[in-house]
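Open the model in your viewer and keep the sequence panel beside it. This tour tells you what to select at each stop and what is there.

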Amino acid sequence: MSNEREIQDEDLMDVAQDPEQAHRLRKALKVLAENPKVGGKLQEMAQEVLSGRIGMKDAIQTPGYMDAMGDRLNEMRRAAENQTMAEREESRAKFAAWQKEQEAKEDEERAERDGPTGNIVTAPRRGGRGHRG
């Protein structure tokens, strides 16, 4: 996908409820598209949507893509069901740490996207109408 056009968050507004959800969806699609462990139809779907060759609405109505997503979710469910109590607790702790990290990254990205805030520190002006002591 390196030389191809890549959709923007706005291109997902036909399926997203708000710009924030569109942003998270595009990030999730990027993870699916770029992770070699995903493979198959699921990775193909993400790459097709990100390149703009197929819309997200069309992708979720394509049986092969939805079958691949359902298969992946079933794998995750089975793996979770087969965990011991200790493994579940470890997974919960890891997920909580990961989630906290993701929220911090999203806050940082949101701040960059939304532009300057009232917390900007500026240096004193040089020259011109400055205070003379």
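## First stop: two crossing helices

H2 crosses H4 in a left-handed sense. Keep in mind that this is a predicted model. Select helix H2, residues 40-51, and then helix H4, residues 63-81. Their axes lie 8 Å apart, and the helices pack at an angle of about 125°. That makes H2 oblique to H4, because angles of 65 to 115 degrees count as roughly perpendicular and those over 145 as roughly antiparallel.

Now show the side chains where they meet. On the H2 side, pick Lys41, Leu42, Glu44, Met45 and Glu48. On the H4 side, pick Gly64, Tyr65, Ala68, Met69 and Arg72. Colour this contact by residue type, and you get five nonpolar, one polar and four charged residues.

## Zoom out: the whole chain

Show the full cartoon. How many helices and how many strands does the protein chain have? The count is five helices and zero strands. Read from the N terminus, the elements run α-α-α-α-α.

The protein chain has 133 residues, and 20% of them count as buried. Next, think about contacts between residues with a separation of 6 or more in the chain. Of these, 43% join residues 24 or more positions apart.

## Second stop: H1 against H2

Keep H2 selected and add helix H1, residues 19-34. The two axes come within 8 Å and cross at roughly 130°. That makes H1 oblique to H2. The crossing of H1 past H2 is left-handed.

Which residues meet here? From H1, select Arg26, Leu29, Lys30, Leu32, Ala33 and Glu34. From H2, select Leu42, Gln43, Met45, Ala46, Gln47, Val49 and Leu50. By type, this contact holds eight nonpolar, two polar and three charged residues.

Look again at Leu42 and Met45. Both are on the H2 side of the contact with H1, and both are on the H2 side of the contact with H4.

## Third stop: Arg26 and its network

Stay in H1 and select Arg26, which lies in this helix. Is Arg26 buried or exposed? Its relative accessibility is 14%, so Arg26 counts as buried.

Add Glu6, Asp9 and Lys30 to the selection. Together with Arg26, they are linked in a network of salt bridges. Side chains of opposite charge can pair when their charged atoms come close.

Now list what else surrounds Arg26. Leave out neighbours within four places in sequence, and the contacts are Glu6, Ile7, Gln8, Asp9, Leu12 and Leu50.

Move on to Lys27, also in H1. Lys27 counts as partly exposed, at 25% relative accessibility. Lys27 touches Glu106 and Glu109, not counting residues up to four places away in sequence. Measure from Lys27 to Asp9 in your viewer: their C-alpha atoms are separated by 9.0 Å, with the two positions 18 residues apart along the chain counted as their spacing.

## Fourth stop: Arg5

Select Arg5 in the segment before H1. The side chains of Arg5 and Asp11 meet in a salt bridge, at 3.6 Å from N to O. Asp11 is partly exposed, with a relative accessible area of 37%.

What else does Arg5 contact, leaving aside neighbours within four places in sequence? Besides Asp11, the contacts are Leu50, Ser51 and Gly52. Now add Arg53. Arg5 and Arg53 are 48 residues apart in sequence, and their C-alpha atoms are 9.6 Å apart in space.

## Last stop: two more salt bridges

The structure holds 14 salt bridges. Here are two more to visit.

Stay with Arg53 and add Glu48. These two form a salt bridge, and the closest N and O atoms are 2.8 Å apart. Arg53 is partly exposed, with a relative accessible area of 47%. Glu48 also appeared at the first stop, on the H2 side of the contact with H4.

Finish in H4. Select Arg77 and Glu81, which both lie in this helix, four residues apart, about one turn. They form a salt bridge, with the closest N and O atoms 3.1 Å apart. Glu81 counts as partly exposed at 47% relative accessibility. Arg77 is partly exposed too, with a relative accessible area of 41%.

Terms used. Residues numbered from 1 in each chain as written. Predicted model: local features only at pLDDT ≥ 70, side-chain atom pairs only at ≥ 80, totals over all residues. Heavy atoms only, no water. Axes fitted to C-alpha atoms, helices over the stretch in contact; angles between N-to-C directions. Parallel < 35°, antiparallel > 145°, perpendicular 65-115°, else oblique. Left-handed = near helix turned anticlockwise from the far one by under 90°. Contact = heavy atoms within 4.5 Å. Nonpolar A, V, L, I, M, F, W, Y, C, P; charged D, E, K, R; others polar. Salt bridge = Lys/Arg side-chain N within 4 Å of Asp/Glu carboxyl O. Buried < 20%, exposed > 50% of the residue type's maximum accessible area, 1.4 Å probe, protein only.
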